[in-house]
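Subject: The structure you asked to look at

Hi there,

Here is the structure I promised to pass on. Please open it alongside this message, as I'll be pointing at residues by number.

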Amino acid sequence: MRSQYTFTGQYDFAIDSKNRINIPATFRKQLHKSDKNKFVITRGIDHCIWIYPIGEWEKIEKELNQLSSLSRTNRTFLRNHLRHAKIVSSDEQGRIILTKSLVEYANILKDITIIGVLNKIEVWDNHTLDELDSQQDINEEAYEELSKRVNI
């Protein structure tokens, strides 16, 4: 299934004392009336938070429903991915509230980076993202090599 969204770009924000973050205006403009400013927040990989528009999440649910519950790997993945998933709505200012467990999982203290990754939005603690970037050492040469290994 092809996504109806194309979230791209990087935006710097801060989380407030109530665990609220801003969804960038450019991302909010892409939302369809059917989404009604509802999102699903859940654990991402590499200690970030994934945010899906509700319409996109419904597509993911259909795919997840295809996984056999007889497989231990599938059960473990589903349990650990879905136990942290929560439907949230944005307020008039375009903010959503992150759960305490997701904030702790992503090691978010104050400054965050929000990255558009096609059909979803990633939320990163700045320090965690900087560490990941330095570990992966994505310089020009390494990026070119990586692009050769990605199959499109």
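Below is what turned up, taken topic by topic.

One thing to keep in mind throughout: this is a predicted model.

**The largest pocket**

Let's begin with the largest pocket, which holds about 200 Å³ of space. Its lining is made up of Gln-10, Asp-46, Ile-115, Val-117, Glu-122, Trp-124, Leu-129, Leu-132, Asp-133 and Gln-136. Sorted by character, the lining residues come out as 5 nonpolar, 2 polar and 3 charged.

Which elements supply at least two residues each to that lining? They are strand E7 (111-118), strand E8 (120-125) and helix H5 (126-136). Helix H5 gives the most, with 4 residues.

**Aromatic side chains**

Searching the whole structure gives 4 aromatic pairs. One of them joins Tyr-11 and Phe-27 in an edge-to-face arrangement, with the ring centres 5.3 Å apart and 85 degrees between the planes. Tyr-11 belongs to strand E1 (residues 7-14) and Phe-27 to helix H1 (residues 25-28), so this pair ties together parts that are 16 residues apart in sequence.

Are the two partners buried or exposed? Phe-27 counts as buried, at 1% relative accessibility, while Tyr-11 is partly exposed, with a relative accessible area of 25%.

Another pair is formed by Tyr-52 and Trp-57, and this one is tilted: 5.5 Å centre to centre, with 50 degrees between the planes. Here Tyr-52 is buried, with a relative accessible area of 6%, and Trp-57 is buried too, at 4%.

If you go back to Tyr-11 and Phe-27, you can add Phe-7 to the picture: Phe-7, Tyr-11 and Phe-27 form one aromatic cluster.

There is also a charge over a ring to look at. The charged end of Lys-120 sits over the ring of Trp-50, at 4.8 Å from the ring centre.

**Around Asn-19 and Thr-99**

Next, have a look at Thr-99, in the loop between strand E6 (95-97) and helix H4 (100-105). Its relative accessibility is 18%, and because buried means under 20%, Thr-99 counts as buried. Which residues does Thr-99 touch, leaving aside its neighbours within four places in sequence? The contacts are Asn-19, Ile-41 and Lys-86.

Asn-19 deserves a look of its own. This residue lies in the loop between E1 and strand E2 (20-22) and is partly exposed, with a relative accessible area of 21%. Its phi is near 65 degrees, a positive value in a residue other than glycine. As background, most residues other than glycine have a negative phi.

Leu-118 is another non-glycine residue with a positive phi, at about 60 degrees. Leu-118 lies in strand E7 and counts as exposed, at 53% relative accessibility.

**Residues brought together, and residues kept apart**

Strand E2 also holds Arg-20. Arg-20 and Ile-97 are 77 residues apart in sequence, yet their C-alpha atoms are 4.3 Å apart in space. Leaving aside neighbours within four places in sequence, Arg-20 is in contact with Ala-14, Ile-15, Arg-95, Ile-96 and Ile-97.

Two loop residues round off the tour. Glu-92 is in the loop between strand E5 (86-89) and E6, where it is exposed, with a relative accessible area of 76%. Asn-37 is 55 residues from Glu-92 along the chain, and 9.6 Å separates their C-alpha atoms.

Ser-17 is in the loop between E1 and E2 and is likewise exposed, with a relative accessible area of 77%. How far apart are the C-alpha atoms of Ser-17 and Asn-80, which are 63 residues apart along the chain? They are separated by 27 Å.

**Where to click**

If you have only a few minutes, here are some places to start:

- Helix H5, which gives the most to the lining of the largest pocket.
- The aromatic cluster of Phe-7, Tyr-11 and Phe-27.
- Lys-120, with its charged end over the ring of Trp-50.
- Thr-99, which is in contact with Asn-19, Ile-41 and Lys-86.

Happy to go through any of this with you.

Best wishes

Conventions: Residues are numbered from 1 along each chain as its sequence is written. This is a predicted model: local features need pLDDT of at least 70, side-chain atom pairs count only at pLDDT 80 or more; totals for chains, interfaces and linings use all residues. Side-chain values use heavy atoms; hydrogens and water are left out. On a 1 Å grid over the protein atoms alone, a cavity is a set of points where a 1.4 Å probe fits but cannot get out, and a pocket is an open set with protein on both sides within 12 Å along at least five of seven lines; lining residues have an atom within 4 Å of a point. Grid points are joined across faces, edges and corners, and a volume is the space filled by probe spheres set on the points. Ala, Val, Leu, Ile, Met, Phe, Trp, Tyr, Cys and Pro count as nonpolar, Asp, Glu, Lys and Arg as charged, and the others, Gly among them, as polar. Rings of Phe, Tyr and Trp (its six-membered ring) pair if their centres lie within 6.5 Å; planes under 30 degrees apart count as stacked, over 60 as edge-to-face and the rest as tilted. Buried means under 20% relative accessible area, exposed over 50%, partly exposed in between (1.4 Å probe, protein chains only). A charge sits over a ring if NZ of Lys or CZ of Arg is within 6 Å of the ring centre and within 35 degrees of the ring normal. Contact means heavy atoms within 4.5 Å.
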